[in-house]
Amino acid sequence: MARAELKSGALRGDALLEFLLSVPYLDRDRWLDELFGFDEPPADIENLPRGAVPYLPSGVDEILAMVAEVPLRPDDEFVDLGSGLGRVVILAHLLSGARACGVELQEPLVRRAKERCAGLALPRVSFVHANVADAELDGSVFFLYSPFNGEMLSAVLRRLEDVARRRPIVICAVDLELHGVPWLRARKTTKVTLALYDSCVHGIPGR
Ligand SMILES: C[S@@+](CC[C@H](N)C(=O)[O-])C[C@H]1O[C@@H](n2cnc3c(N)ncnc32)[C@H](O)[C@@H]1O
């Protein structure tokens, strides 16, 4: 029944949130995968570039906290850097109405994410097959579930700083600390695994 409501457009925003919260905590991830029609992800490709982290989905509760605490709004442009099967992108859009885009290096994951989306008819959701290092980056809220580290992370942060020179942005980081980045200000969150940072670039007022 929930799947039919999701397809018809009835299960969105607060209705979807209420539904997810009614599922016992330990079952939420499995329920969401069933709701979205996600099956086992394909194996990671063999030649992941240096510093790239293999696919592992964010937990539903981190995503719910992120959407509530940013807070994500219908006029936001949300980007998941290293989006995997698209769990974060799709759920963030369904809960908030924000335009949402995933950038993912592994083509089999992108293909699956697009297939799942096609079944749901979500015109404000898109997936790009690209290395984040080469993709054009723009948006108001960026999400990173520890997708890469080392020089790749430093390079992407420099590019996000360029975005922040044009507009205020929020960076949401799961299992990833961005301390010591001078143009980011950390906020308190309700989850130890979730960190939120506001851009603070001279001359650009915060969000
Ligand atoms: C830990 S998973 C997170 C998946 C998703 N964001 C989520 O939270 O459910 C990290 C993802 O980042 C992708 N990735 C790693 N390096 C990347 C890069 N340079 N460009 C694009 N995607 C990348 C991996 O293929 C993997 O799917």
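**Notebook: pockets, ligand and two backbone oddities**

I began with the second largest pocket and sorted its lining by class: 8 residues are nonpolar, 2 are polar and 5 are charged. The model I am working from is a predicted one.

I then looked up the volume of the second largest pocket, which is about 220 Å³. Its lining comprises 15 residues, and those closest to the centre are F78, V79, C101, S126 and D138. I checked which elements give two or more residues to this lining and found β1 (77-81), β2 and β3 (125-129). Which of them gives the most? I noted β2, with 4 residues.

Next entry: the largest pocket. I read its volume as about 390 Å³. I listed 28 lining residues, with V53, P54, G82, E104 and P147 the closest to the pocket centre. By class I get 16 nonpolar, 8 polar and 4 charged residues in this lining. For secondary structure, I found that α5 (87-96) and β2 (99-104) each supply at least two lining residues.

I asked where the ligand sits relative to the pockets. The space it takes is the largest pocket.

Ligand shell next. I find 24 residues around the ligand, and the closest are S58, D80, G82, E104 and N131. G82 and E104 thus appear in two of my lists: among the residues closest to the ligand and among those closest to the centre of the largest pocket. I divided the shell by class and obtained 16 nonpolar, 6 polar and 2 charged residues.

I went on to the contacts with nitrogen atoms of the ligand. From D80, a polar side-chain atom lies 2.9 Å from a ligand nitrogen. G82 uses its backbone instead, with an N or O atom 2.7 Å from a nitrogen atom of the ligand. For L105 I also noted a backbone N or O atom, here at 3.2 Å from a ligand nitrogen. How much of the ligand's area does the protein bury? Taken alone, the ligand exposes 600 Å², and I find that the protein buries 100% of that.

Last, I looked at backbone geometry in two loops. The peptide bond from V70 to P71 is cis, and I read its omega as near -20°. I placed P71 in the loop that runs between α4 (60-69) and β1. The β1 strand is one of the elements I had already listed for the lining of the second largest pocket.

The other entry is A121, where phi is near 50°. I flagged this value because it is positive in a residue other than glycine. A121 belongs to the loop between α6 (107-120) and β3, and β3 is also among the elements that line the second largest pocket.

Definitions and conventions: Residues numbered from 1 in each chain as written. Predicted model: local features only at pLDDT ≥ 70, side-chain atom pairs only at ≥ 80, totals over all residues. Heavy atoms only, no water. Near = heavy atom within 4 Å. Polar contact = N/O pair within 3.5 Å; in protein donor to acceptor, adjacent residues only side chain to side chain. Areas by Shrake-Rupley, 256 points an atom, 1.4 Å probe, with all protein chains shown as cover. 1 Å grid on protein atoms, 1.4 Å probe; cavity = no way out; pocket = protein on both sides within 12 Å on 5 of 7 lines; lining within 4 Å. Sits in = over half its atoms within 2 Å of the grid points. Nonpolar A, V, L, I, M, F, W, Y, C, P; charged D, E, K, R; others polar. Points joined across faces, edges and corners; volume = space filled by probe spheres on them.
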